[in-house]
Amino acid sequence: MRQIFLFLIVISSIAIMFGGTFSIPIDAGSMEVPVVIRMSDLLDFIPEDFEPVWSSLKVTFEGKEVPFQIEDVDGNSRISSKDFLVFLAKGEGKIVIADQSIESISYKKAFEITKVDSGWQIKTIDGRLEAFVNDHGLAKITKFGDVEATLLDEIGIARVSGWPESTFYVDGKLGKHYEETSGAFRVVSTKVLEPGPLAAGIIATLESEKFKGLVQELVVHIFKNGDILVDNTFRFENYADMMKVQTMVTRPIAPALEDAVHILPVFRRLVWADQLGITPYEYWLERNAITLVDRIPYIVFPATDPMKPLWWGATYIFASMERWRSNFSPGKKIGIAEILPEIPVVPAVYKKWIDGDTWVYESLEFRDGVFKWIPSEFDVYPATKGAYSLKLENMPNHYKHGDTVRHLRLFTLYSAENVTDAIKLLEKKSESFRKLKIGEKPFKEF
């Protein structure tokens, strides 16, 4: 017994001498999804009495080490709080950190980046994916697989509108309305980060000259597997009366590929359906735009067809945000999808719903966010009469200094044999993205 006791003492001494490790659990789904997390957020998981040696960091899934990269965001050539840890998650995994230096595997870069006069050219080493980034940090995908075309443009661009000279709280006057995209914003800074084995990162800070104090902080990561993670934050440093605060991408597959179809789960709420006294399913069924997959209905229609809207020119507007939406080319067998990190709640009260984020598909743009132009048609139909004030001064959202609006979105380029396979793939991919947790916290909270 005494010998066993002495043996345990020796083992404990060795553990202390050679240090210990700390693990942060990762719970992911059955398909790869991207993770970009600040080192400061990672530090929150580590006990105060544990001294991490960051050069020891490893990421494992199903017991095997996987490639990762740490991006030097602040350019100080050492790991610090603003830097990003980047990897792809699939299955059960963990981030392992030791309190001493441990030899780690080095991985080859997956991208090459070339600075040109108007921006940056980004290419994967294997030639499967190419992109261009302009001086505002807005990326365009120009190649995926064997297809060379503009497959996605202006990734993360903002569309905002409102009254930049409003004196509403002084005299009730809004002044002159103005609208712009962040392509017109002043560039505070744009940086394309040194690529790693998985992704090329882009960070841009843009500021509106018209809406004083409105700042867009855009972080985009283009992964070699076709995933594009967009983390877009609007920061208000002044009071603002706004009608639109939207994150967008433009030209998703269409018009480059003329056979592209738009696909998404059936809306839980669509204002036009409510006004007609039918369900969103019935609204799209009347337009011959319902496809069943595994006995579940999905909306499918030509991506460039406005589909006879009840009013307005958008294909859909004042529509609930669902788990994903996509444009897909059956001929080229490729698609681009937008996937949300959660399925947003649809409030029962119309005003509360419209004050929040909704979906718009118009002019080949995927738009997410606040859209407050309430048309007179709201009062024409009994279902929406009085649901929202038609007085202009009652429409805008009022933001104050310190307010932020954040849109975290996954855009993914993918291959599929047909519409049915595309839907099945996107359901699986979106489920994996929503399932993602790090240290028991949902990924969307980072």
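Reader: What is the order of the strands in the open sheet of six strands?

Author: This is a predicted model. Its open sheet of six strands has antiparallel pairing. Strands of a sheet pair through backbone hydrogen bonds. The order is E4-E3-E7-E1-E29-E30.

Reader: Which are the edge strands?

Author: Look for strands that pair on one side only. Residues 64-65 form one of them, and residues 441-442 form the other. The edge strands are E4 and E30.

Reader: How many bridges pair strand E1 with strand E7?

Author: E1 covers residues 21-27, and E7 covers residues 92-98. They pair in the antiparallel sense. Ile24 stands opposite Ile95 in E7. The number of bridges between E1 and E7 is seven.

Reader: Which residue of E29 is the bridge partner of Asp27?

Author: E29 spans residues 437-438. E1 and E29 pair in the antiparallel sense over two bridges. The bridge partner of Asp27 in E29 is Lys437.

Reader: Which residue in E7 does Val59 stand opposite?

Author: Strand E3, residues 53-61, runs antiparallel to E7. Five bridges join E3 to E7. Across from Val59, in E7, stands Ile95.

Reader: Is Arg159 buried or exposed?

Author: Arg159 is found in strand E12, residues 147-162. Its relative accessible area is 16%. The cut-off for buried is under 20%, so Arg159 counts as buried.

Reader: Which side chain joins that of Arg159 in a polar contact of 3.1 Å?

Author: Arg159 touches several residues beyond four places away in sequence, among them Glu179, Lys244 and Glu365. The polar contact of 3.1 Å joins the side chain of Arg159 to that of Glu179.

How values were computed. Residues numbered from 1 in each chain as written. Predicted model: local features only at pLDDT ≥ 70, side-chain atom pairs only at ≥ 80, totals over all residues. Heavy atoms only, no water. Pairing = 2+ DSSP bridges. Helix = DSSP H or I, 4+ residues; strand = E, 2+ residues; numbered from the N terminus. Buried < 20%, exposed > 50% of the residue type's maximum accessible area, 1.4 Å probe, protein only. Polar contact = N/O pair within 3.5 Å; in protein donor to acceptor, adjacent residues only side chain to side chain. Contact = heavy atoms within 4.5 Å.
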